[in-house]
Amino acid sequence: MSENFAAFLYLVSGVLFVLALRGLSHPTTSRQGNFLGMAGMGLAVLTTLLLARPSFGALLIIVIGIAIGGGIGAYTARRIAMTAMPQLVAAFHSLVGLAAVAVAAAALYAPEAIGIGTIGHIHTQALVEMSIGVAIGAITFTGSVIAFLKLDGRMSGKPIMLPSRHLINLVLGAVLVLLVISFALTQSHLLFWLIVLVALALGVLLIVPIGGADMPVVVSMLNSYSGWAAAGIGFTLQNLALIITGALVGSSGAILSYIMCKGMNRSFISVILGGFGGDAAAASADAGPERTVKQGSAEDAAYLMTNAARVIIVPGYGMAVAQAQHALREMADVLKKEGVEVKYAIHPVAGRMPGHMNVLLAEANVPYDEVFELEDINSEFAQTDVAFVIGANDVTNPAARDDPSSPIYGMPILNVDQARTCLFIKRSLGSGYAGIDNTLFYKDNTMMLFGDAKKMVENIVKAMAH
Ligand code: NAP
């Protein structure tokens, strides 16, 4: 295959990736987006194979690798719970980082294979790309492993504050830059591995102090890093598809991080510097004076909602844990039959990743025109009879609006407290992801429905039938 034709096919695969991202931006087109992405990747792999014309032995190794990797990927994707998606993404990103390190090392030890020179005489441009790519890849690897361990509960989610951590990170960052320059000048293999070592340490040190509520932002930021690492390696390999894909992943990860920061009213810098969540959890430990809550039953909830004119459902992480979306849709169907207007309000950071709730509601065939974003529905709570909060907590916490001393102050919230009655399904008075108390539980117009979200909704549906 000629280089020009290969470049054309790479461009086509790049266009397919762009269309895939576009498709994935809405639940109605997301399946199509997935297929376009798969087609783009298939084309890119095929083009690379046709261009490289590997020997039979090498081809066999590649096919076995794809079969094993693809098999593990398909098996994991089928088995994973929606609630565990962020840690799965973190685990997969760690592999992208590791791959970037492996590819850069291969380029260093066999430069002639990809036409960037010979051992000891590699072009300077390739050396710079290689060293930056390997540094970002190594940071992504250990950073993602720590993010995975924290999100999966295998390591405490609390920020671990090392003394003088900013200074240590700054010094390591400076050492990394010096190593990259020295490596580009000397081509020393030892310096290459030192870059890897320092970057691995930096990945751990950067992520360990970040805790609790900020972790999904970190995952998306690491996603962005892994994209840039891939793009860097794409330049070294002079592979157009890798450059395009890396840039797409890099920029979409950065945009996603920005959207999450905006949804939580956190600056990107404050997320990177870490620390959010730990103090908050400590603050909620001393809960202050005893307060009482109004507790209701499924029958109470059924009565209130069937007699309402308007109900707004606010789903959160607890709905995902309980997998209550199907029962919830059933409940909404009954209400609609009774002539009640039902809408769903989605907070941009409800759940554990943007779009988490939309995906679950789509899975339960909730009509898209009943689902509204925060800014489109927030003004309607004041004219609503019942706000039905199911497994959401932080995204409804009025402290974010009213209490300047709260760690989540400034985060936009759904104004469920403005509804005539606020029904709250959760299992206890426990806190949400940010680890802080929610004053809403103790308000006069709030009725707590303690229990598992799915069971409680099923009981409400039963009570509505009577
Ligand atoms: P949340 O504040 O984490 O609260 C979820 C609530 O669900 C918990 O308080 C828990 O209370 C309840 N729950 C858990 N399992 C349940 C079950 N089986 N049945 C009923 N209730 C259950 O959730 P959220 O309101 O969706 O807020 C999302 C949080 O994640 C925010 O702090 C946000 O900043 C953070 N975050 C999200 C993203 C994102 O992109 N979505 C990104 C970064 C950070 P009980 O234990 O009492 O049941």
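**Close-up views of a predicted model**

**View 1. The loop that holds Q238.** Q238 sits in the loop between helices α8 (215-237) and α9 (240-264). The model shown in this and the following views is predicted. The phi angle of Q238 is near 55°, a positive value in a residue other than glycine. Is Q238 buried or exposed? With a relative accessible area of 55%, Q238 is exposed, because the cut-off for this class is over 50%.

**View 2. The loop that holds N365.** N365 belongs to the loop between α15 (356-363) and β5 (371-373). Phi of N365 is near 60°, again a positive value in a residue other than glycine. The relative accessibility of N365 is 57%, so this residue counts as exposed.

**View 3. A nonpolar patch on the surface.** Five side chains are labelled here: F56, L60, I64, I68 and I72. These residues form the patch, and together they have about 540 Å² of accessible area. One of them, I64, is found in helix α3, which covers residues 56-79. I64 counts as partly exposed because its relative accessibility is 46%.

**View 4. The surroundings of the ligand.** There are 31 residues around the ligand. Which of them come nearest? They are V349, N393, D394, R427 and S428. For R427, a polar side-chain atom lies 2.8 Å from an oxygen atom of the ligand. For S428, a polar side-chain atom lies 2.6 Å from an oxygen atom of the ligand. At Y433 the atom concerned is a backbone N or O atom, and it lies 2.9 Å from an oxygen atom of the ligand. Taken alone, the ligand exposes 910 Å², and the protein buries 96% of that area.

**View 5. A salt bridge within helix α14.** A search of the whole structure finds 12 salt bridges. One of these joins K336 to D333, with the closest N and O atoms 4.0 Å apart. Where do the two residues lie? Both K336 and D333 are in helix α14 (residues 325-337). They are 3 residues apart, which is about one turn of the helix. K336 has a relative accessibility of 32% and therefore counts as partly exposed. D333 is also partly exposed, with a relative accessible area of 26%.

**View 6. A network of salt bridges.** Four residues are linked in this network: R310, E341, K343 and E380. Within it, the side chains of E341 and K343 meet in a salt bridge, at 3.9 Å from N to O. How do the two partners differ in accessibility, buried or partly exposed? E341 is partly exposed, at a relative accessible area of 35%. K343 has a relative accessible area of 15%, and because this is under 20%, K343 is buried.

**View 7. The salt bridge between R401 and D402.** The closest N and O atoms of R401 and D402 are 3.2 Å apart. R401 is partly exposed, because its relative accessible area is 31%.

How values were computed:
Residues are numbered from 1 along each chain as its sequence is written. This is a predicted model: local features need pLDDT of at least 70, side-chain atom pairs count only at pLDDT 80 or more; totals for chains, interfaces and linings use all residues. Side-chain values use heavy atoms; hydrogens and water are left out. Patches are made of residues with over 30% relative accessible area and no salt bridge: like charges are joined within 9 Å, nonpolar side chains (Val, Leu, Ile, Met, Phe, Trp, Tyr) within 5 Å. Accessible areas come from the Shrake-Rupley method with a 1.4 Å probe; for residues, only the protein chains shown count as cover. Helices (H or I, at least four residues) and strands (E, at least two) are DSSP runs, numbered from the N terminus. Buried means under 20% relative accessible area, exposed over 50%, partly exposed in between (1.4 Å probe, protein chains only). A residue is near a molecule or strand if one of its heavy atoms lies within 4 Å of it. A polar contact is a pair of N or O atoms within 3.5 Å; within protein, one must be able to donate a hydrogen and the other to accept it, and residues adjacent in sequence count only if both atoms are side-chain atoms.
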